[in-house]
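Keep the sequence and the 3D view side by side while you read. Find each residue as it is named.

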Amino acid sequence: MYYIGVDLGTSAVKLLLMDGDGKVKKTVSKRYAESNPNEWWKSTVVGLKEIIKVAEKDKIAGISFCGSNSGLVILDENDELIRPDIVWKDVDTSKEINYLKNVVGKEAFAKAVAPKMLWLADNEYESFRRINKIMLPKDYLVYKLTGIYSTDYASAAATLLYDAKTKGWSKEMLAICELKEEWLPDLYESSQKIDRVLPSMAEELGLPEECFVVAGTAENVATVIGSGAIGAGRYSLIESRLSTECSHKWWMENIVDTDDFDGELASLNILLDEGKLGENKVYYLPGIMSETAFVGMNMDTSRADILQAILEGIAYALRNTVEVGEQDKDKPESIALSGEVAKSFVWKTIIANVLNIRVDTVAVEEGPVYGTAILAAVANGEYESVEAASKKMVTVKDSVEPDEQLVEQYQKGYEVLQST
């Protein structure tokens, strides 16, 4: 049987078709306007029609979705979109976050649904009063395919509207945000079947009537599954938008004015040949957009020094995150990489030595969408659990071991950065 994974990103939807053994048959990517759910759907339809051409129609068993939890889709009583997707970076929810933290006593963050709903009520009441359904971006695609309002527990937990004790929506938080429970979707396990694809959609897309749709999960969770990092023994590197994607974008677009990021990374290969790793005197503080973002620059600082500092700064930030998370836990033996970071041997070498851990590059680079497809295979009974499926299907392509001398040099650099 065949399974389709769909990853709804900020500017493109990625689709992957694999068989029950995890062998990838085809991948497709379609771009769209960032905050327009109708464009997401149109691109997904085009992608689905394209990707199923390489499979026998009657053997396409299921489809699963993953996506960021940073957006918000609201529908009216006619299931029409009330406004564009509410993305965390497009609205200032600092007032609402402070209210939740200081007045209500609830920790909040900008990407969560709760502060965005409070913001909507304060700033766009006309839109707020028309609400009939609230959902996360990837759940809008599930709704379009099945007609069912759903989300998974992992995604729900990131909304700040979820009660982990009852495994349901928090009545307290709903009251605080003045939301009705019927506005929110039903809750499912990530590998649980929602329903079959609507007959009309199956006919339009060329899918079999028996094809089912799975609840899916958050992009970060899907990345962990797709990199085989479930259970003890391995980390999975999930590139945060703050420290990694934004740094890439800023450097490529505003400084060097090129979209050839692979070429830019390749230019650093000389650092290995000349033994310059661990000797950089420039330090980068990810996510700090001020004059102190770079430390140690002078008139002799080169373009390569700055790019190297960006990669090292991200690695140092990852180490700090790892150390906070470890606390009384055994250190895993490796870290699994997929996506952009896995394409650069220099970057992998930096990470291996800054974190002092073996870096494994998984065979399938599209971690999130691959992990999502795995959920569909589990839902169909191909494997007894998500962990068993992930460990069986995910394989390692190559590894980078830390070097004792480089580890020592980066330890000194880490200490310098900590004191900055």
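This report on a predicted model goes through three helices, a few loop residues and two empty spaces.

**Helix α17**

Start with α17, which runs over residues 404-418. Does its length fit its residue count, or does it not fit? At 1.5 Å a residue, its 15 residues should span 21 Å. The C-alpha atoms at its ends are 21 Å apart, so the two values agree.

Which residues of α17 are buried? They are Leu406, Val407, Tyr410, Gly413, Tyr414 and Leu417. These residues cover an arc of only 120° around the axis, so they sit on the same side of α17. The other side of α17 holds exposed residues: Glu404, Gln405, Glu408 and Lys412.

A general rule helps here. An α-helix has 3.6 residues a turn, so residues three or four places apart point the same way.

The N-terminal end of α17 has a cap, aspartate 403. One of the side-chain oxygens of aspartate 403 lies 3.0 Å from the backbone nitrogen of glutamine 405.

**Helix α9**

Move to α9, residues 219-226. Its buried residues are Glu219, Ala222, Thr223, Ile225 and Gly226. Seen down the axis of α9, they fall within an arc of 160°, so they line one face of the helix. Just after α9 comes glycine 228, with a positive phi of about 70°.

**Helix α14**

How many of the 11 residues of α14 are buried? The count is 10, so α14 is largely enclosed by the rest of the structure. The buried residues are Val346, Trp347, Lys348, Thr349, Ile350, Ile351, Ala352, Asn353, Val354 and Leu355. Asparagine 356 follows α14 and has a positive phi, near 55°.

**Four residues to find**

The table gives the place and relative accessible area of four residues. Below 20% a residue counts as buried, and over 50% as exposed.

| Residue | Place | Relative accessible area |
|---|---|---|
| Glutamate 34 | loop between β3 (24-31) and α1 (37-51) | 33%, partly exposed |
| Alanine 157 | helix α6 (153-157) | 45%, partly exposed |
| Leucine 160 | loop between α6 and β8 (162-163) | 19%, buried |
| Asparagine 356 | loop between α14 (345-355) and β18 (358-362) | 40%, partly exposed |

Look at the backbone of two of them. Leucine 160 has a phi near 70°, a positive value in a residue other than glycine. Asparagine 356 also has a positive phi, about 55°, although it is not a glycine. Leucine 160 is buried because its relative accessibility, 19%, is under the 20% limit.

The other two can be paired with residues elsewhere in the sequence. Glutamate 34 and aspartate 85 are 51 residues apart in sequence. In space, their C-alpha atoms are 8.4 Å apart. Alanine 157 and serine 385 are 228 residues apart in sequence. Their C-alpha atoms are 21 Å apart.

**The largest cavity**

Now turn to the empty spaces. Rolling a probe the size of a water molecule over the atoms shows where empty space is left.

How many cavities of 30 Å³ or more are there? The count comes to two. The largest cavity holds about 70 Å³ of space.

Which residues line the largest cavity? They are Val113, Ile134, Met135, Leu136, Asp139, Thr151, Ala156, Thr159, Leu161, Trp169, Leu184 and Pro185. By class, nine of these lining residues are nonpolar, two are polar and one is charged.

**The second largest pocket**

The second largest pocket holds about 190 Å³ of space. Its lining has 16 residues. Glu279, Asn280, Lys281, Ser302 and Asp305 lie nearest its centre.

What classes make up the lining of this pocket? Four residues are nonpolar, six are polar and six are charged.

Two helices, α12 (269-273) and α13 (303-326), each supply at least two residues of the lining. Of the elements that contribute, α13 gives the most, with three residues.

Methods
Residues are numbered from 1 along each chain as its sequence is written. This is a predicted model: local features need pLDDT of at least 70, side-chain atom pairs count only at pLDDT 80 or more; totals for chains, interfaces and linings use all residues. Side-chain values use heavy atoms; hydrogens and water are left out. On a 1 Å grid over the protein atoms alone, a cavity is a set of points where a 1.4 Å probe fits but cannot get out, and a pocket is an open set with protein on both sides within 12 Å along at least five of seven lines; lining residues have an atom within 4 Å of a point. Grid points are joined across faces, edges and corners, and a volume is the space filled by probe spheres set on the points. Helices (H or I, at least four residues) and strands (E, at least two) are DSSP runs, numbered from the N terminus. Ala, Val, Leu, Ile, Met, Phe, Trp, Tyr, Cys and Pro count as nonpolar, Asp, Glu, Lys and Arg as charged, and the others, Gly among them, as polar. Buried means under 20% relative accessible area, exposed over 50%, partly exposed in between (1.4 Å probe, protein chains only). The expected span of a helix is 1.5 Å times one less than its number of residues. The arc is that of the directions from the helix axis to the C-beta atoms. A polar contact is a pair of N or O atoms within 3.5 Å; within protein, one must be able to donate a hydrogen and the other to accept it, and residues adjacent in sequence count only if both atoms are side-chain atoms.
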